[in-house]
Amino acid sequence: MTNEVPLPGGDVTEGIVRVGGTVRRPLGPHSPLVHAVLGHLESVGFEGAPRFLGLDDRGREVLTFVEGEVAGRPHPAWLADDARLASVARLLRAYDDAVAGFEPPAHLLDAVAPPDLPGMPPEPSVPDGAERFIGHLDVTPENVVFRGGQAVALIDFDLLRPATRVDEVVNLCLHWAPLSPEQDRSDPLRRADAVVRTRLVADAYGLDDPARALLVPTAIRRTERSWHLMRHRAQTLGGGWARMWADGVGETILRRLEWLEAEGDRITVGLGVGR
Ligand SMILES: Nc1ncnc2c1ncn2[C@@H]1O[C@H](COP(=O)(O)OP(=O)(O)OP(=O)(O)O)[C@@H](O)[C@H]1O
Ligand SMILES: [Mg+2]
């Protein structure tokens, strides 16, 4: 029997293993959408994602293993490298452009629609005429593969859902600028200048001015919504979600909100909006 090597990663999915040149992951309600998106990316020749190879005899999804360097814990010092960050933003732009032409069947989207929770504020406003496409929305350091110091692939498409370019850039900045107070950052990013790094991401991604103007309000609204969503997942799904909630992710989200409200104007000015 081929050797199964555990791949430790995020907080939620257990049982992810490497088998030779492939990765095996358990399925979830989102999986049919992920497989459709990966199939689309393959059909348009997008190289920055694993290929979906089908299901194995144990009903797990089989993906190609992408060779390269992925940040683990503790976070490596290179997370603070601006050139790497720009390459992540360019990769995300390339993904968004590649997925933009894809319209999944409605029932695949139903499976990932967020619940309407009492007290949860509505989705953020979007720029006039903004494109919507299936965003990655989980561009954490652990979900990007690098080669030669450049981001070459996104992995872990479990949080795919309809998004705008602002949503994608906000998510990237959340983890990489990062948009959080010093106490909640890992060591390499503790002293990173989030204003400068957000601008760098917006420039490398090619975010237009109307989208830049909505970046901070979108980050605030997404943060407010994530508090409700995380609490709901902890209550209804248990497992890693309940563990994260017990470990204080709710408080971390509220500290982020406070930080965004304090730093938001500096970030918006740093983005060069209204020049
Ligand atoms: N296709 C792949 N190619 C290369 N490495 C991979 C691939 N899939 C996963 N990995 C490695 O395994 C780790 C965990 O995998 P993945 O990100 O898919 O799941 P996870 O983060 O544990 O799950 P979740 O975020 O849902 O809790 C990644 O951080 C990466 O190091
Ligand atoms: Mg992951």
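## A walk from the ligand outward

Around ligand 1 stand 20 residues, and the closest of them are V12, T13, V66, E142 and D156; a residue is taken to be near a molecule if one of its heavy atoms lies within 4 Å of it. This is a predicted model, in which local features need a pLDDT of at least 70 and side-chain atom pairs count only at pLDDT 80 or more, while totals for chains, interfaces and linings use all residues. Residues are numbered from 1 along each chain as its sequence is written, chains are lettered from A and ligands numbered from 1 in the order in which they are written, and side-chain values use heavy atoms, with hydrogens and water left out.

The shell around ligand 1 can be described by class, with 10 nonpolar, 5 polar and 5 charged residues. In this grouping Ala, Val, Leu, Ile, Met, Phe, Trp, Tyr, Cys and Pro count as nonpolar, Asp, Glu, Lys and Arg as charged, and the others, Gly among them, as polar. Both domain 1 (5-64) and domain 2 (77-270) supply at least three residues to this shell, the domain bounds being those of an automatic or database domain assignment.

Several side chains approach oxygen atoms of ligand 1, and these approaches are polar contacts, that is, pairs of N or O atoms within 3.5 Å; within protein, one atom must be able to donate a hydrogen and the other to accept it, and residues adjacent in sequence count only if both atoms are side-chain atoms. R25 places a polar side-chain atom 2.9 Å from an oxygen atom of the ligand, and N143 does so at 3.0 Å. For D156, an N or O atom of the side chain is 2.8 Å from an oxygen atom of ligand 1. Taken alone, ligand 1 exposes 610 Å², of which the protein buries 91%; accessible areas come from the Shrake-Rupley method with a 1.4 Å probe, and for residues only the protein chains shown count as cover.

N143 and D156 appear again at the magnesium ion, which is ligand 2: its protein donors are N143 (OD1) and D156 (OD), lying 2.2 Å from it. Donors here are N, O and S atoms within 2.8 Å of the metal (3.2 Å for Na, K and Ca), and because water is not among the atoms, sites may look incomplete. The pair links distant parts of the chain, since N143 sits in the loop between β6 (133-135) and β7 (144-147) and D156 in the loop between β8 (150-154) and β9 (161-163), 13 residues apart. Helices (H or I, at least four residues) and strands (E, at least two) are DSSP runs, numbered from the N terminus. N143 is buried at 6% relative accessibility, whereas D156 is partly exposed at 21%; buried means under 20% relative accessible area, exposed over 50%, and partly exposed in between, with a 1.4 Å probe and protein chains only.

The backbone has some less common features as well. Most residues other than glycine have a negative phi, and most peptide bonds are trans. D156, although not a glycine, has a positive phi of about 60°. L137 also has a positive phi, near 60°; L137 lies in the loop between β6 and β7 and is buried, with a relative accessible area of 8%. A cis peptide bond joins R73 and P74, with omega about -5°, and P74 is found in the loop between β5 and α2 (82-99). Another cis peptide bond joins A177 and P178, with omega about -15°, and P178 belongs to the loop between α4 (165-176) and α5 (194-205).

Elsewhere, residues far apart along the chain come together in space. S31, in helix α1 (residues 31-43), is buried at 2% relative accessibility, and its C-alpha atom is 7.2 Å from that of D158, 127 residues away in sequence. The loop between α3 (106-110) and β6 holds D128, which is exposed at 80% relative accessible area and whose C-alpha atom is separated by 8.3 Å from that of P210, 82 residues apart along the chain. P118 is found in the loop between α3 and β6 and is exposed at 72%; from C-alpha to C-alpha, P118 and H228 are 8.8 Å apart, with their positions 110 residues apart in sequence.

A last contact involves R60, in the loop between β4 (52-55) and β5 (61-64). R60 is buried at 9% relative accessibility, and a polar contact of 2.9 Å joins its side chain to that of E4.
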